[in-house]
Amino acid sequence: MGKVIAIANQKGGVGKTTTAINLGASLAANDLRVLLIDTDPQGNSTTGLGVNKRAGLPTLYDVLLGERTMDSVVVETAFHGLDLVPADKNLVGANIELVDAERREFRLAERLAPVKAKYDYILIDCPPALDLLTLNALVAADSVLIPIQCEFFALEGISELMDTIDRVRDAFGNPLRIEGILLTMYDDRTNLTRQVAQDLREFFGDEVFRTVIPRSVRLAEAPSFGQPILIYDIRSRGAESYIRLAKEILENEQANRKSAQGAR
Ligand SMILES: Nc1ncnc2c1ncn2[C@@H]1O[C@H](COP(=O)(O)OP(=O)(O)O)[C@@H](O)[C@H]1O
Ligand SMILES: [Mg+2]
C-alpha cells in the first residue's frame, strides 16, 4: 500500500514543488513506483515534469469535482517509475465548489484510495495556502514533509501549519505524522543561513532531516526544461541532495518498521 506524504507549507516559494518533483524522481530511481499528485492550481509540478497543460487535459479537478477516477487522469512522465496527476488553473474553483460538498475534507482521500496499492510512494504537492485543497491533502496523507527556506522569516506561519496538523489529527481522526522538516535553499557561505538552520534544529530537534538542500541554480533551471534534476544534471549538488533525502526517508521507514515489529 503506497505511503502518502503531503509536502506542505502555506508559504510560497519555499521549495515544495522542487521537492515534490525531485524527491519523487529520486524515490523512483530506487525502483519504487511513485505517484506525484499536483494539488496547486498553478500546476508547477505538472509543467516541471514536462506535461503540457493543454486544453482538455483531464486533471485532479475532474477527479475531485467530476466523474473521473484518479486512475484515469494519471499520466506517465519521462522519468521511469514516476507518474503524475496533473493540475491546472481549474483547481482554483475547487476550493469554492467543494465548500458545500458532503465530507468535503475527505474527497481526495476517498478518490485516492483505489490507486494506493499500485504505488510505493504517493507525494502530494500542496498549494501555498492553508485552504481546502491543503486540508484534503493532509487528511489523505500518512505524513507531512515541511520544506522551510533558511531565511529570516523561516518560522513565520509554521505555528499555524502545526495547528492545522493538530486539527487533522483531532477533528478528522488521521494520525498524521511529521515525516520531517527539510531545510531548503541552504547557502553555507552566509551566516544568516547557518544561524537560521541552527535555530531550526534547536527548535525542532530530530524532526529536521539531516539532509539539507543547497541553493543551486541547476535546481532552479531544471523545471523550465520539464525535467527532474536527475535527468537535467545528475552530477549537480542539487541532484545529490535529493538522492540523499530519498535515502534518508527510506532508512527512516525501515527503522520505524523495525521498532513497530519490536513493539509487537
Ligand atoms: N534549492 C534551490 N536552489 C535554488 N532555487 C530553488 C531551490 N529550490 C527551489 N528553488 C526555486 O525557488 C522558487 C520556488 O520554489 P518552489 O519549489 O516552486 O516553491 P513552492 O512550491 O514552495 O512555491 C522556484 O523558482 C524554484 O526553482
Ligand atoms: Mg509550488
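**Exercise 1. In what sense do S2 and S5 pair, and over how many bridges?**

Before we start, keep in mind that this is a predicted model.

*Solution.*
Step 1. Look at the pair itself: S2 and S5 run in the parallel sense, with five bridges between them. Strands of a sheet can pair either parallel or antiparallel, through backbone hydrogen bonds.

Step 2. Pick out one bridge. Leucine 36 has leucine 123 in S5 as its bridge partner.

Step 3. Now turn to the pairing of S2 with strand S4 (residues 82-85): four bridges join them, and they run parallel. Here leucine 35 has aspartate 83 in S4 as its bridge partner.

Step 4. Visit S5 once more. Strand S1 (residues 3-7) is joined to strand S5 (residues 121-125) by five bridges, and these strands run parallel. Lysine 3 is found opposite tyrosine 121 in S5.

**Exercise 2. Work out the order of the strands in the open sheet, and name its edge strands.**

*Solution.*
Step 1. Put the seven strands in a row: the order is S3-S4-S2-S5-S1-S6-S7. The pairing in this open sheet is mixed.

Step 2. Find the strands that pair on one side only. These edge strands are strand S3 (75-76) and strand S7 (177-184).

**Exercise 3. Which residues of S2 point one way, and which the other way?**

*Solution.*
Step 1. Recall the general pattern: in a regular strand, side chains alternate between the two faces of the sheet.

Step 2. Apply the pattern to S2. Val34, Leu36 and Asp38 point one way, while Leu35 and Ile37 point the other way.

Step 3. Check how covered strand S2 (residues 34-38) is. Five of its five residues are buried, so the strand is mostly covered.

**Exercise 4. Find the residues with the most partners in the largest nonpolar core.**

*Solution.*
Step 1. Begin with the count: this core has 76 residues. Those that touch the most other members are Ala6, Leu123, Ile124, Ala137, Leu138 and Ala141.

Step 2. Ask which element gives the largest share. That is helix H7 (residues 132-140), with seven residues.

Step 3. Zoom in on alanine 6. Leaving out residues up to four places away in sequence, alanine 6 touches Ile124, Cys126, Ala137, Leu138, Ala141 and Val144.

**Exercise 5. Why does arginine 103 count as exposed, and why does methionine 185 count as buried?**

*Solution.*
Step 1. Notice what is unusual about the backbone. Most residues other than glycine have a negative phi. Arginine 103 is not a glycine, yet it has a positive phi of about 45°. Methionine 185 has a positive phi near 55°.

Step 2. Place both residues. Arginine 103 sits in the loop between helix H5 (92-97) and helix H6 (107-112). Methionine 185 sits in the loop between S7 and helix H9 (191-204).

Step 3. Count neighbours. Arginine 103 has 11 C-beta neighbours inside 10 Å, so it counts as exposed. Methionine 185 has 21 C-beta neighbours inside 10 Å, so it counts as buried.

**Exercise 6. Describe the surroundings of valine 208.**

*Solution.*
Step 1. Locate valine 208: it is in the loop between H9 and H10.

Step 2. Classify valine 208. It counts as partly exposed because it has 19 C-beta neighbours inside 10 Å, and a residue needs 20 or more to be buried.

Step 3. List its contacts. Not counting residues up to four places away in sequence, valine 208 touches Gly180, Ile181, Leu183, Leu200 and Arg201.

Step 4. Compare chain and space. Valine 208 and proline 147 are 61 residues apart along the chain, and their C-alpha atoms are separated by 9.8 Å.

**Exercise 7. How many residues surround ligand 1, and which are the closest?**

*Solution.*
Step 1. The shell holds 17 residues, and the closest are Gly15, Lys16, Thr17, Thr18 and Ala220.

Step 2. Two or more residues come from each of helix H1 (16-28) and helix H10 (217-221). H1 gives the largest share, three residues.

Step 3. Sort the shell by type: seven residues are nonpolar, eight polar and two charged.

**Exercise 8. Judge the protein as a whole: why is it as compact as a globular protein of its length?**

*Solution.*
Step 1. Take stock of the elements: there are 12 helices and seven strands.

Step 2. Compare two values. The radius of gyration is 17 Å, close to the 18 Å from the globule rule for 264 residues, so the protein is as compact as a globular protein of that length.

Step 3. Add the burial: 44% of the 264 residues are buried.

Key:
Residues numbered from 1 in each chain as written. Chains lettered and ligands numbered in written order. Predicted model: local features only at pLDDT ≥ 70, side-chain atom pairs only at ≥ 80, totals over all residues. Near = placed C-beta within 6 Å. Nonpolar A, V, L, I, M, F, W, Y, C, P; charged D, E, K, R; others polar. Pairing = 2+ DSSP bridges. Core = buried A, V, L, I, M, F, W, Y, C linked by C-beta atoms within 7 Å. Buried ≥ 20, exposed ≤ 12 C-beta atoms within 10 Å, placed from the backbone. Contact = placed C-beta atoms within 7 Å. Rg over C-alpha atoms; globule rule 2.2 N^0.38 Å.
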